[in-house]
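Grab a coffee and open the viewer. Below are a few exercises, each with a solution worked step by step.

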Amino acid sequence: MTGDPVKTVALARCAAYDRDEVTRAVRRTIDLLGGIESFITPGSRVLVKPNLLQGLPPERCVTTHPEVVRAVCDLLRSIGCSVTIADSPGGGIRYTPANLRSLYQAAGYDRVAEETGAVLNYDTGFYEHAFAEGRMAKRFPVILPVRDADHIVVVSKAKTHLWTLFSGGTKNLFGVVPGLEKPLHHARFREPLHFGGMIADLNEAISPSLQLMDAVVAMEGDGPSSGRPRPLGAILASPDWTAIDVIACRLIGIPPLDVPTIRAVADRGGLPNGGTDIVLLGDDPATLAATGFRMPSTYRGEGKGLEKSLLLGALHRLGGLCALYPAIDHSRCERCRRCERICPVHAISWTGEAPEITRKACIRCYCCHEICPAGAIAVRPGLIRRIIRTATLPS
């Protein structure tokens, strides 16, 4: 959080990933906020942190589009900054130079680096970042490019999310926690609000200088990797990681305070009036294609967030038949074993040639769903939950 009582977000319409159009939109949002030098010291070392996740092709809408990353790198290079592009992939993928090379290439970041003069990070070391003021966590393992940067610019992707409801600027910073350290945090912070508080601590500890969000094409449904691309038509920018997420949530119809990361900040007094006084500059959001976004299947509705009702909670404790659990479609499984590696409680085992999930051991962090490159892991309700839903549907 910036400490500034007035939180500001800039919005520019951007209908497609045409290079000139993206460049114009990125520069317009930054100019509306006062110009790049209001946030970044000319000639400094800057870490650009995109949403790499699994390094899937841009058309899958899982990663930050390379044209948005390119526009940001070009802008930073224009004021003499040395730019490093860095992220750690999801925990099912080992944080190694070879894996990074493959992921950068798939996401299109190798060409961005070559054409802008930015450097791709291949140093897979990390350090312990202490944060005594943390409410949920007081230290984090963090990738080395964070320590070596004068400024961090987060370039996120607007997506719905099974576990945090929305994944934007705030959640994107979780990528600075290296590879297989991520599942350990999921195991420690099993409740959505606890996890959201940990992510808020991480953002306060790292304190990025600037946020940009790729909302040209967002993701709806069971994100962050298995949802559907959905055109939205915007680039957002802000110095404040909570404010940019609040505005993005409003654009796609998510009540901001239902998002655990935003709720954590509000509960700490960092979002006065629930964010209703955030100043939005630039283009009219009413012109965007923002209606009818499909929410993740874990969302219980406004005011209920991702928490189960008392009835469903009781039924879950009795037999676990009501809860939403990951389920594997073996016909789509590519046998990459990423789901097995990412599971923090080792609830996934290999039976012959196929993975199996031990439901009793599953903590429903949905890491396996998030990391599956083939979309072979869905999140489905148990039998009693299906019966309850059927019984409560309007006739």
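## Exercise 1: a salt bridge

Arginine 228 comes out partly exposed, at 45% relative accessible area; buried means under 20%, exposed over 50% and partly exposed in between, using a 1.4 Å probe and protein chains only. Before going on, note that this is a predicted model, where local features need pLDDT of at least 70, side-chain atom pairs count only at pLDDT 80 or more, and totals for chains, interfaces and linings use all residues. Residues are numbered from 1 along each chain as its sequence is written, and side-chain values use heavy atoms, with hydrogens and water left out.

**Task.** Find the salt-bridge partner of arginine 228 and say whether that partner is buried or exposed.

**Solution.**
- Step 1: look for a side-chain nitrogen of Lys or Arg within 4 Å of a carboxyl oxygen of Asp or Glu, which is what counts as a salt bridge.
- Step 2: glutamate 220 fits, with its closest N–O pair to arginine 228 at 2.8 Å.
- Step 3: glutamate 220 is buried, with just 4% relative accessible area.
- Step 4: elsewhere, Arg19, Glu67, Arg70 and Glu115 are joined into one network by salt bridges that share partners.

## Exercise 2: a link along the chain

**Task.** Work out which parts of the chain the salt bridge between arginine 45 and aspartate 150 ties together.

**Solution.**
- Step 1: the whole structure has 19 salt bridges, and in this one the two side chains meet at 3.0 Å, N to O.
- Step 2: arginine 45 sits in strand S2 (residues 45-50) and aspartate 150 in the loop between helix H5 (144-148) and strand S7, so the pair links parts 105 residues apart in sequence. Helices (H or I, at least four residues) and strands (E, at least two) are DSSP runs, numbered from the N terminus.
- Step 3: check accessibility. Arginine 45 is partly exposed at 43%, and so is aspartate 150 at 41%.

## Exercise 3: the two sides of H3

**Task.** Which residues of helix H3 (residues 97-107) are buried, and what covers them?

**Solution.**
- Step 1: the buried ones are Leu100, Leu103, Tyr104 and Ala107.
- Step 2: they span an arc of only 100 degrees around the axis, so they share one side of H3; the arc is taken from the directions from the helix axis to the C-beta atoms.
- Step 3: the face turned away carries exposed Ala98 and Gln105.
- Step 4: the cover includes helix H2 (66-77), strand S3 (82-85), helix H4 (109-116) and strand S4 (119-120), with contact meaning heavy atoms within 4.5 Å.
- Step 5: after H3 comes glycine 108, with a positive phi near 90 degrees.

## Exercise 4: the largest cavity

**Task.** Describe the largest cavity: how much space does it hold, and what lines it?

**Solution.**
- Step 1: on a 1 Å grid over the protein atoms alone, a cavity is a set of points where a 1.4 Å probe fits but cannot get out, and lining residues have an atom within 4 Å of a point.
- Step 2: the search finds 4 cavities of 30 Å³ or more. The largest holds about 230 Å³; volume is the space filled by probe spheres set on the points, which are joined across faces, edges and corners.
- Step 3: its lining has 22 residues, with Leu53, Lys171, Phe174, Lys182 and Glu370 nearest the centre.
- Step 4: helix H7 gives the most to this lining, with 3 residues.

Terms used
1 Å grid on protein atoms, 1.4 Å probe; cavity = no way out; pocket = protein on both sides within 12 Å on 5 of 7 lines; lining within 4 Å.
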